[in-house]
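Hi,

Here is the structure I promised to pass on to you. Have a look at it first, then read my notes below.

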Amino acid sequence: MAHWLVTGSNRGIGLELCRQLAARGETVIAVCRSTSEELEHLGVRVESGIELTDEAAIADLVQRLAGIELAGMILNAGILEGDGLDSVSAASVRRQFDVNALAPLLLSRALLGNLSRGSKLALITSRMGSIDDNGSGGYYGYRMSKTALNMAGRSLAIDLQPRGIAVAILHPGMVATRMVGFTGIPPAEAARGLLTRIDALSLATSGSFWHANGEPLPW
Ligand SMILES: NC(=O)c1ccc[n+]([C@@H]2O[C@H](COP(=O)([O-])OP(=O)(O)OC[C@H]3O[C@@H](n4cnc5c(N)ncnc54)[C@H](OP(=O)(O)O)[C@@H]3O)[C@@H](O)[C@H]2O)c1
């Protein structure tokens with residue numbers, strides 16, 4: 001049985017990813033800070049109490065998952081703080097960088113021992129991290145953190161190529177979750193698109209940046 005790990009699994013896009021993975025028969029390991037009724041309802045394995053910016057919590061997760069071979073990891077947890085030029089603060093940029101860029105890198109490295117040739121690593125980023133696509137400005141902390149995540153994803157793709165592990169850098173679309181005031185496409189549609197991209201991922205396409213709808217995105 002293939003195990004798939006998903007972070008940010010208690011709500012939003014992560015919850016939908018868990019639901020769809022479970023529905024197609026995968027064994028899901030849902031990582032979250034605190035579980036939710038909807039997640040419990042899925043009947044998947046839940047690893048709660050994992051604050052992803054806490055290195056001790058990541059070490060704890062590594063221990064809990066000892067010996068489990070992962071077919072894939074979808075690192076989806078993220079935060080958005082709507083800062084503009086007047087309101088941006090160092091603390092806000094650091095918070096977003098810690099959650100959106102640093103945590104996925106450290107978690108990927110910490111769980112490398114659970115991945116093997118053929119495993120897949122998917123980083124859920126945002127097209128707001130695309131420099132070429134930025135036509136509206138603002139959102140300093142969010143944009144900077146997602147650009148950094150994209151760069152981490154490209155380096156991971158290069159470093160993990162010899163081990164046969166492919167890396168996807170994926171934008172889910174504008175999705176109706178709490179992060180964006182519940183405007184956008186349904187999370188189920190975004191999750192379907194993301195899983196289609198992850199299924200199509202190979203070592204040949206590793207390290208490239210895609211919209212869940214199948215459109216390649218510029219850096
Ligand atoms: N929604 C969109 O339109 C959109 C567009 C582009 C990219 N994205 C990306 O898609 C991903 C999922 O977002 P979403 O829309 O599903 O947002 P969401 O509904 O706000 O969910 C965010 C998830 O991340 C978790 N999380 C946040 N900080 C965490 C931390 N420090 N440690 C552990 N977990 C943490 C949250 O857990 P708690 O419940 O504990 O807070 C929650 O499960 C994010 O990476 C986001 O940047 C979303």
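Let's start with a spot you can find quickly. Phe-182 is exposed, because it has 11 other C-beta atoms within 10 Å and the cut-off for exposed is 12 or fewer. Keep in mind that this is a predicted model. You'll find Phe-182 in the loop between β6 (166-171) and α6 (187-200). Its backbone is worth a look too: phi of Phe-182 is near 60°, a positive value in a residue other than glycine.

Tyr-139 has a positive phi as well, about 50°, and it is not a glycine either. This residue sits in the loop between β5 (115-124) and α5 (140-160). Is Tyr-139 buried or exposed? Tyr-139 counts as buried, because it has 21 C-beta neighbours inside 10 Å and 20 or more is enough for that label.

For something in between, try Glu-55, which belongs to helix α3 (residues 55-64). With 14 other C-beta atoms within 10 Å, Glu-55 is partly exposed. If you want to practise with distances, go from Glu-55 to Ala-212: they are 157 residues apart in sequence, and their C-alpha atoms are 30 Å apart in space.

Now for the sheet. It is an open one with 7 strands, in the order β3-β2-β1-β4-β5-β6-β7, and the pairing is parallel. At the edges you have β3 (45-47) and β7 (209-211), each of which pairs on one side only. On average, neighbouring strands in this sheet are turned by 20° against each other, ignoring direction. Helix α6 packs on the sheet, where it touches β4 (70-75), β5, β6 and β7. The direction of α6 makes about 155° with that of β6.

To see one pairing up close, take β1 (residues 3-7) and β2 (residues 27-31): they run parallel and are joined by 5 bridges. One pair to click on is His-3 with its bridge partner in β2, Thr-27.

Last comes the ligand. Which residues come nearest to the ligand? Out of the 29 residues around it, they are Gly-8, Gly-12, Gly-78, Thr-177 and Met-179. Helix α1 (residues 12-23) gives the most to this shell, with 3 residues. Sorted by class, the shell has 13 nonpolar, 12 polar and 4 charged residues.

That's my tour. Shout if you get lost!

Cheers

Terms used:
Residues are numbered from 1 along each chain as its sequence is written. This is a predicted model: local features need pLDDT of at least 70, side-chain atom pairs count only at pLDDT 80 or more; totals for chains, interfaces and linings use all residues. Helices (H or I, at least four residues) and strands (E, at least two) are DSSP runs, numbered from the N terminus. A residue is near a molecule or strand if its C-beta atom, placed from the backbone, lies within 6 Å of it. Ala, Val, Leu, Ile, Met, Phe, Trp, Tyr, Cys and Pro count as nonpolar, Asp, Glu, Lys and Arg as charged, and the others, Gly among them, as polar. Two strands pair if DSSP finds at least two bridges between them. Axes are lines fitted to C-alpha atoms, for helices over the stretch in contact, and angles run from 0 to 180 degrees between N-to-C directions. Two residues are in contact if their C-beta atoms, placed from the backbone, lie within 7 Å.
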